[in-house]
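Please look through the structure shown here, beginning with the chain as a whole and then turning to single elements and residues.

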Amino acid sequence: MDWGTSNVRVMRLAVGGRVLEERADPRGAGELTSDAFAGVLEEVAGDWLAEAPVLICGMAGAKGRWLEAPYAPCPASLTDLAAALVRPDPKREVFIVPGVAEMGPGGLSDVMRGEETQMMGLMDAGVDGWAIAPGTHSKWVRLEIGRIAAFRTFATGELYAAVQEGTILTGGGTDTRPDDAAFRRGVERGLAEPALSAALFSVRVGFLAGRLTPETAPDYLSGLLIGAEIAAQADEARGQALALIGAAALTRRYARAMEIAGLGHADIHDAAEVTARGLWRIWEART
């Protein structure tokens, strides 16, 4: 199971993590109290529960949810995650995968929950280098010798939504008319401008100068924020193997922005596929 904040995906897996059958439900972890998870599991997959154990990644293990699965320290390997599984119901073979935490001089410095399973699936596919999982909170993860060696989180998707919906900068436009030229201009500005708040105001200036409209501004803003994210990681990622995981439209945007930044080609991986493979490998490491 991949139990996200807003929905849950349940998969019946064969050897190697091949998905035999899957189901989805809108009852994500974000809306459930700790005593509600078992009932949702029963409703969504009750007829499968007698067949095999259940392994869950994602937000079911967050604090205040089904049962907190404490973060494993980074660097983290497959066996580290398998050794830290928690069991919310001793009467059932149900286990939750821990997240992974980065610790700095001042203590906790970064966290992931759910992406660690994707990383295990990627490494099973032979990926060694940088893995990027774009989204509300984009992750840049360095994979080395079968371990999550380091990672960094960018609130790019959340910032995009906040600027788009809560400011006057974009003029209230929507993403209904993709504009590749505006996206490229945004990427180039994000790559070149070290002060993100100054770069954001270029959206407003673009309107005044006639370079942007309410229809093209969202693509410019998207490119600007993605470009700024890539600029922050470019020195470390340059010359390394790059892998992207996530929704098809978003990973394509990141792949194009990486090429504009001179980072070269990034392989795109299906998020559902690597999650299933990662779950299987974590379970296999436990047994």
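## From the whole chain to its details

In this predicted model, contacts between residues at least 6 apart in sequence are made in 64% of cases by residues at least 24 apart. The chain holds nine helices and 14 strands. Its radius of gyration is 20 Å, close to the 19 Å that the globule rule gives for 287 residues, so the chain is as compact as a globular protein of that length. Measured out along the principal axes, the C-alpha atoms fill a box of roughly 65 × 40 × 40 Å. Of the 287 residues, 48% are buried, and the accessible surface of the chain comes to about 13,200 Å², with 52% of it belonging to carbon and sulfur atoms.

A helix pair can be taken next. Helix 5, which spans residues 180-192, and helix 7, which spans residues 217-237, have axes that come within 6 Å and cross at roughly 35°, and the crossing is right-handed. On the side of helix 5 the contact is formed by Ala 182, Phe 183, Arg 185, Gly 186, Val 187, Arg 189, Gly 190 and Leu 191, while helix 7 contributes residues including Tyr 220, Gly 223, Leu 224, Gly 227 and Ala 231. The residues of this contact divide into 10 nonpolar, five polar and three charged.

Helix 3, residues 115-124, is mostly covered, with nine of its 10 residues buried. Among the buried residues are Glu 115 and Glu 116 as well as Met 119, Met 120, Leu 122 and Met 123. The helix is followed by Gly 126, whose phi is positive, near 90°.

Two residues of helix 3 lead on to a strand, since Met 119 and Leu 122 are both touched by Ala 131, which is found in strand 10, residues 129-133. Is Ala 131 buried or exposed? With a relative accessible area of 0%, below the 20% under which a residue counts as buried, Ala 131 is buried. Beyond the two residues of helix 3, and leaving aside residues up to four places away in sequence, Ala 131 touches Lys 139, Trp 140, Val 141, Leu 143 and Ala 243. Ala 131 and Ile 245 are 114 residues apart in sequence, yet their C-alpha atoms are 7.5 Å apart in space.

Val 54 offers another strand residue to examine, in strand 4, residues 54-58. Val 54 has a relative accessible area of 11% and is therefore buried. Not counting residues up to four places away in sequence, Val 54 touches Met 1, Leu 49, Glu 93, Val 94 and Phe 95. The C-alpha atoms of Val 54 and Trp 280 are separated by 11 Å, although the two residues lie 226 apart along the chain.

The backbone also deserves attention at two loop positions. Most residues other than glycine have a negative phi, and most peptide bonds are trans. The peptide bond from Cys 74 to Pro 75, however, is cis, with omega near 5°, and Pro 75 is found in the loop between strand 5 (72-73) and strand 6 (76-77). Ile 145, in turn, has a positive phi of about 50° although it is not a glycine. Ile 145 lies in the loop between strand 11 (138-144) and strand 12 (147-154), and at 75% relative accessibility, over the 50% cut-off, Ile 145 counts as exposed.

Technical notes:
Residues are numbered from 1 along each chain as its sequence is written. This is a predicted model: local features need pLDDT of at least 70, side-chain atom pairs count only at pLDDT 80 or more; totals for chains, interfaces and linings use all residues. Side-chain values use heavy atoms; hydrogens and water are left out. Helices (H or I, at least four residues) and strands (E, at least two) are DSSP runs, numbered from the N terminus. Buried means under 20% relative accessible area, exposed over 50%, partly exposed in between (1.4 Å probe, protein chains only). Contact means heavy atoms within 4.5 Å. Axes are lines fitted to C-alpha atoms, for helices over the stretch in contact, and angles run from 0 to 180 degrees between N-to-C directions. A crossing is left-handed if the near helix is turned anticlockwise from the far one by less than a right angle, and right-handed if clockwise. Ala, Val, Leu, Ile, Met, Phe, Trp, Tyr, Cys and Pro count as nonpolar, Asp, Glu, Lys and Arg as charged, and the others, Gly among them, as polar. The radius of gyration is taken over C-alpha atoms; the globule rule is 2.2 Å times the number of residues to the power 0.38. Accessible areas come from the Shrake-Rupley method with a 1.4 Å probe; for residues, only the protein chains shown count as cover.
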